[in-house]
Structures are given as C-alpha cells and as structure tokens.
Amino acid sequence: LDHNATAPLDARVLEAMLPYLTEQHGNPSSVHRYGRAARAAVDRAREQVAELVNAHPTQVIFTGCGTEASNLAIKGFAALHEPGHLVIGATEHPSVTEPAESLKKSGWHVSVLPVDGQGRLIGTEMEALLKLRPQMVSVMWANNETGVIQDIPALAARVRAHGGVMHTDAVQAAGKIEVDFSASGAHLMSLSAHKINGPKGVGALIADKSVELLPLLQGGGQEKGQRSGTENVAGIVGFGAAASLAKAQVADYGARRRVLGDRLEAEVQALGGVAR
C-alpha cells in the first residue's frame, strides 16, 4: 500500500546492476577500456529511460533523485532569468514547494493554483493566473498521496500559449500510467528510479533543448555540463532496467491496480458512513 513512497527493488534490476557493483568498476569519463564499458552502460540506460516517457536520449539528465531533478528544473531555470512569476499547484511535493519558496528571497513572486475537493486544479483560477503570463508553471502529473492525475498536456498547452515554461513532477506517474514527454507539451519532467522498482539514489530530469538551465553542481562537466560528478553507474543501469521493465508492463500494472483499488474501495464503503 505504500509503493508511492518506495517500491521494492526488482530482482531483474539487481541482476543488471551487480556487474557494475563488482568487476565493472570503470569511470564513464575515462577513455580506457573499462571507462568505455561504463560509458556504454550509462548510454544504454539513458536510452531506456528516454523510451519509458517517449523522450530523446539527449534530453535525459541523470540526477541523484527526483528531488534533485525538480530543484534543477526550478532553480536552474530561475537562475538564468530576471525575477518573475512562478506558479505551482497547491498539492505539490516539497521538492517543488520548497525550491519555489526559496526563490521568494531573490525577488520571485510565487502563486499557488488551488484545487477542488477532489484535488483537481480549478480551471477558472488557473486561467486567471495564466493570463498574468508566469515565466514557469510546475504541476505534478500524479499525486503521491491522493492519486489524482492532472491533465498535464492541456495545462502545458495553455502555459505555452502564454509564453511560459512547463515543468511537471512525473515521479509517481511514469511507469504506472502512459507518460509521453514529447506529446505532453512539458518542457521539463522529473523522474525517479525507486518508484518503479529501481534503486534509490538515482533520478532524471527530462529537459527540452529549448530550455537553458544553470547547473546546481559544477565540476567535471558530466551530463553535458548539467550535473557534474562521477555518474552512479550501477544506479543508472538499474534505473534503465527498471524503466525498460515498467514500459513493458505498464498496461498490466494499470489493470491490476484498478482491480485492487476497486476491491479496496468496495470493502471500505461496506463499512458504512464513508464518503466517496
């Protein structure tokens, strides 16, 4: 019941990771044989993560977690723009609300999109805020507590029409429902491995090439300068394996979840005095 917090590591993912925790010890930045083998493994995982959400591999920036991905999206964007207007959903994860709050110190105005009693964004309030032409809007695709799925493609289309940049935290959505980065209209998307039976300690930001970000970490220039630091090869390989497995079984996952959800709901309602 708590797989939204973290899901157990799939045995097949662990099997894919093990060589890079033992004999395959190369640094992906090294030019010798061991380094090239590590680089090839990272590149393959990048392709697998991209395939999960229908993105191009060059759009995948590996990070240490979904939280880092969202911080890179919000802070990295804000750092390269004059203080302006940021809009976030009322039910966002702290990895979005806290970076947003921190931007207030540098002069950014932050507005919150309210939700109704079902946890869905209120259309009239949304239109009113979008007419103010915010530079960035960040709304979670699927909520980790309520399970509410927002219509990100529709929202992203409106954000783009008003000249803004759309970020979505898709950590709880990718691998559980169909998520298509290219078709969504989002400019930036946060992902995490351990929500889809991958390892903890690895995430990704999917970034449209039209959006420039200031890196949070500087140093060796890894991830095309977007996230310096020697790559967590084993974790990244595990993320790739988990993404590949999730893509192959997303339809079955949805069907099974609906059966379990309907059963749970029916049993709870049978207790009486329960509002749906």
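Trainee: As which exposure class does Asn197 count at 23% relative accessibility?
Mentor: This is a predicted model, in which local features need pLDDT of at least 70 and side-chain atom pairs count only at pLDDT 80 or more, while totals for chains, interfaces and linings use all residues. Residues are numbered from 1 along each chain as its sequence is written, and side-chain values use heavy atoms, with hydrogens and water left out. Buried means under 20% relative accessible area, exposed over 50%, and partly exposed in between (1.4 Å probe, protein chains only). At 23% relative accessibility, Asn197 therefore counts as partly exposed.

Trainee: Where is Asn197 found, and what is its phi?
Mentor: Helices (H or I, at least four residues) and strands (E, at least two) are DSSP runs, numbered from the N terminus. Asn197 belongs to the loop between E6 and E7. Although Asn197 is not a glycine, its phi is positive, at about 70 degrees.

Trainee: Is Arg133, in the loop between H5 and strand E4 (136–138), buried or exposed?
Mentor: Most residues other than glycine have a negative phi. Arg133 is not a glycine, yet it has a positive phi of about 55 degrees. Its relative accessibility is 52%, and Arg133 therefore counts as exposed.

Trainee: How are H5 and H6 oriented to each other?
Mentor: Axes are lines fitted to C-alpha atoms, for helices over the stretch in contact, and angles run from 0 to 180 degrees between N-to-C directions. The two axes come within 10 Å and cross at roughly 25 degrees. Angles under 35 degrees count as roughly parallel, over 145 as roughly antiparallel, 65 to 115 as roughly perpendicular and the rest as oblique. H5 and H6 are therefore roughly parallel.

Trainee: Which residues in H6 meet H5?
Mentor: Contact means heavy atoms within 4.5 Å. From H5, the residues are Met126, Glu127 and Leu130. Their partners in H6 are Leu155, Arg158 and Val159.

Trainee: Which residues have the most contacts inside the largest nonpolar core?
Mentor: A nonpolar core is a set of buried Ala, Val, Leu, Ile, Met, Phe, Trp, Tyr and Cys residues joined through side-chain atoms within 4.5 Å. The largest one has 50 residues. Those with the most contacts inside this core are Val53 and Leu191.

Trainee: Which element gives the most to this core?
Mentor: Among the elements that give two or more residues to the core are helix H1 (11–21), helix H2 (33–52), strand E6 (188–192) and helix H8 (233–269). With nine residues, the element that gives the most is H8.
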